[in-house]
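The following note sets out points for a colleague who is reading this structure. Each point may be checked against the sequence and the coordinates.

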Amino acid sequence: MRVEGRDPSRRRILGIGGALGLMAATGLSASAALARRPSVTGAELRSAVPLPPPFQVPLPMPAVLQPVRTSGGTDRYEITQREASAEILPGLKTPLWTYEGTFPGPTIESRRGRPVTVTHRNDLPVPTVVHLHGGRTPAASDGYPTDLVLPEHWPEQQPEQQPAERPMERPDAAVHVRHGMHDPRAVVTRRTRDYTFPLDQRPALLWYHDHRMDFTAPAIWRGLAGLHIVRDAAEDDLGLPAGPRELPLMIADRAFAADGGLAYPALDPTLRERPGVHEAYLAGVLGDVILVNGAPWPVHEADAARYRLRVLNASNARHYELEAVTDDGRRLDLVQIGADQGLLAAPVTHRLLPIAPAERHDLIVDFSGLAIGSRVRLLNRLGSGRTRDVMAFRIARRATDGSRIPRTLSTDLPTWRRTDAARVRDFSFRTGRMRGGHGWLIGGRPFDPARTDVTTRLGDVEVWRLVADVHHPVHLHLAGFRVLSRSGRPPLAHDAGLKDTVSLRPGEAVEIITRFDGYRGRYLFHCHNAEHEDMGMMANLEII
């Protein structure tokens, strides 16, 4: 696949906030570079094909996957990972890597406390790993990056890719990754793997995506992402907008090559051997096309009523600041009712709402006062040119609306206090040198799957202080957390609720508090700028 725009000009790098490129190109110190506090981190790929006008393509809805069996108290699903093509840009076919042949993959709808087992079959040309982002999941099913599912004909002679004789058990041979590193605990299977999710957790919008060691970013970019919604009776009884007025919105940016394929600056376009991206994109890959549910700048025909928008930022590196604006310039309230890990205690009203990669916002937008035929645009205030538009709603009809926004949404949020903390830990998220090149480091060290970085006891409460050089959306596996402070000040309005991903801005220090309950085993925390993640910005967390 030919990639357009691999060498953006120095001005282009500076203009979009590539702080790593800025420091390398000018020799500025880190403090001087970061003092400019760019609005985004990364470099933008330009598509090599004409782009369609916005707000012409209808908003698609991902299909809801039906279980193949529901006996024994567990819902069982089957998903095949396979190559497919789709008409994303009108008139062009785009090759994709998919779950069940679609992008996004099919949505799984679950009930709180009812276990789900998903059998994934890998018919792709490379190994894969599946992570349920936001799930309270036993370590064996959490999608550790070296727990590979190999394709049927993956070469046997490579010791790092030998499958285990018995699925889900530790193999005798170590899995070797990233130029000689090895993981003695990796569990490798061939062709299929069962992932079991107890779903003993608050109702929330989760998402599943590929998590393969060193190649997460290009795999997600090629299409390996889907939604998983957990519900319960208490949420059902709140009277929130539902049915056709509850819209999952997976927002992702992409760029397109001249042949209609997805452009991506991979050092190895086969994604088989050499990880990483070309140097101009070390800070992150941004696309110039905004997709919602796989469609470019779509439009949705809406009733004049309240809608529940369940928003996921599934971009590799792009940050958004969302705003809903009518064509006559009036801003609509974005009423936040939920965060990454489910409902807030009470609604929070925004006019502008930032969302970092992997974050989710659960929003209510009220169209009831708008004229039939009017339009509301969902905009990204951090974008420029075509990336300023996200999608639109066209008010098509009057309708009755029995929904409501309760003053109290939930009463089960944890009330951890600083005095509950068994310990306080400090972590820096910064660029640095890694094996002779640029990398992204936690605490000055790149990821090593064989090294335990943090050990904590099941049930312990901890406070973590996270410090960033550029934008780093930090994701903690297994455990939800609360944001305590930002650079010594109170959290921001969008930090409310229970989260699993927090956006660190350039030069910022953020404190979070969590309780490590659920399961013992090996988990991760990492930056969810997917290019940073692939280039070393992960660490191991052992819960004993």
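**Notes on the predicted model**

1. Nonpolar core. The largest nonpolar core comprises 113 residues, and the residues with the most contacts inside it are F367, W464 and F525. In soluble globular proteins, nonpolar side chains tend to be buried together. Once neighbours within four places in sequence are set aside, F525 is in contact with F427, F429, I442, V454, W464, H475, L476, M538, A539, N540 and L541. W464 thus appears among the contacts of F525 and is also one of the residues named for the most contacts inside the core.

2. Confidence. The structure is a predicted model, and its protein chain has an average pLDDT of 90, with 88% of the residues scoring at least 70. Over residues 1-36, however, the pLDDT is below 50, and this stretch has 68 contacts in the model beyond near neighbours in sequence. Residues 157-180 also have a pLDDT under 50, and the model gives them 55 contacts beyond four places in sequence. The reader may wish to keep both stretches in mind, residues 1-36 and residues 157-180.

3. Overall composition. The secondary structure of the protein chain amounts to 6 helices and 37 strands. Of its 544 residues, 60% are buried. Among contacts in the protein chain with a separation of 6 or more, 78% are between residues 24 or more positions apart.

4. The sheet of 7 strands. One open sheet has 7 strands in the order β17-β16-β14-β19-β25-β22-β23, and its pairing is mixed. Its edge strands are β17 (295-296) and β23, each of which pairs on one side only. At the β23 edge, β22 and β23 run antiparallel and are joined by 5 bridges. Within this pair of strands, Q336 stands opposite V348 in β23.

5. The sheet of 4 strands. Another open sheet is formed by 4 strands in the order β4-β13-β12-β6, also with mixed pairing. β4 (105-111) and β6 (130-133) each have a single partner strand and stand at the edges, so one side of each is left without a neighbour in the sheet. On average, neighbouring strands of this sheet are turned by 20° against each other, direction ignored. β6 pairs with strand β12 (residues 204-210) in the antiparallel sense over 4 bridges, and V130 stands opposite D210 in β12.

6. Salt bridge D401–R245. Which parts of the chain does the pair D401 and R245 tie together? The closest N and O atoms of this salt bridge are 3.8 Å apart. D401 lies in the loop between β27 (389-397) and β28 (423-434), while R245 lies in the loop between α5 (233-236) and β14 (246-254), so the pair ties together parts that are 156 residues apart in sequence. D401 counts as partly exposed because its relative accessibility is 29%, whereas R245, at 15%, counts as buried.

7. Salt bridge R381–E323. R381 and E323 form a salt bridge in which the closest N and O atoms are 2.1 Å apart. This pair links distant parts of the chain, 58 residues apart: R381 is in the loop between β26 (375-380) and β27, and E323 is in strand β20 (residues 320-326). R381 has a relative accessible area of 30% and is therefore partly exposed. E323, by contrast, counts as buried at 1% relative accessibility.

8. Salt bridge D340–K499 and the wider set. In the salt bridge between D340 and K499, the closest N and O atoms are 3.2 Å apart. D340 is in the loop between β22 (334-339) and β23 (342-350) and K499 in the loop between β33 (481-486) and β34 (501-504), so that distant parts of the chain, 159 residues apart, are linked. Both D340 and K499 are buried. Elsewhere, salt bridges that share partners join E109, R231, E235, E246, R308, R310 and D362 into one network. A search of the whole structure finds 45 salt bridges.

9. Surroundings of T80. T80 is located in strand β2 (residues 75-86). T80 and E100 are 20 residues apart in sequence, and their C-alpha atoms are 5.2 Å apart in space. Not counting residues up to four places away in sequence, T80 touches T98, Y99, E100, R121 and D123.

Notes
Residues are numbered from 1 along each chain as its sequence is written. This is a predicted model: local features need pLDDT of at least 70, side-chain atom pairs count only at pLDDT 80 or more; totals for chains, interfaces and linings use all residues. Side-chain values use heavy atoms; hydrogens and water are left out. A salt bridge is a side-chain nitrogen of Lys or Arg within 4 Å of a carboxyl oxygen of Asp or Glu. Helices (H or I, at least four residues) and strands (E, at least two) are DSSP runs, numbered from the N terminus. Buried means under 20% relative accessible area, exposed over 50%, partly exposed in between (1.4 Å probe, protein chains only). A nonpolar core is a set of buried Ala, Val, Leu, Ile, Met, Phe, Trp, Tyr and Cys residues joined through side-chain atoms within 4.5 Å. Contact means heavy atoms within 4.5 Å. Two strands pair if DSSP finds at least two bridges between them. Axes are lines fitted to C-alpha atoms, for helices over the stretch in contact, and angles run from 0 to 180 degrees between N-to-C directions. pLDDT is the predictor's confidence in each residue, from 0 to 100.
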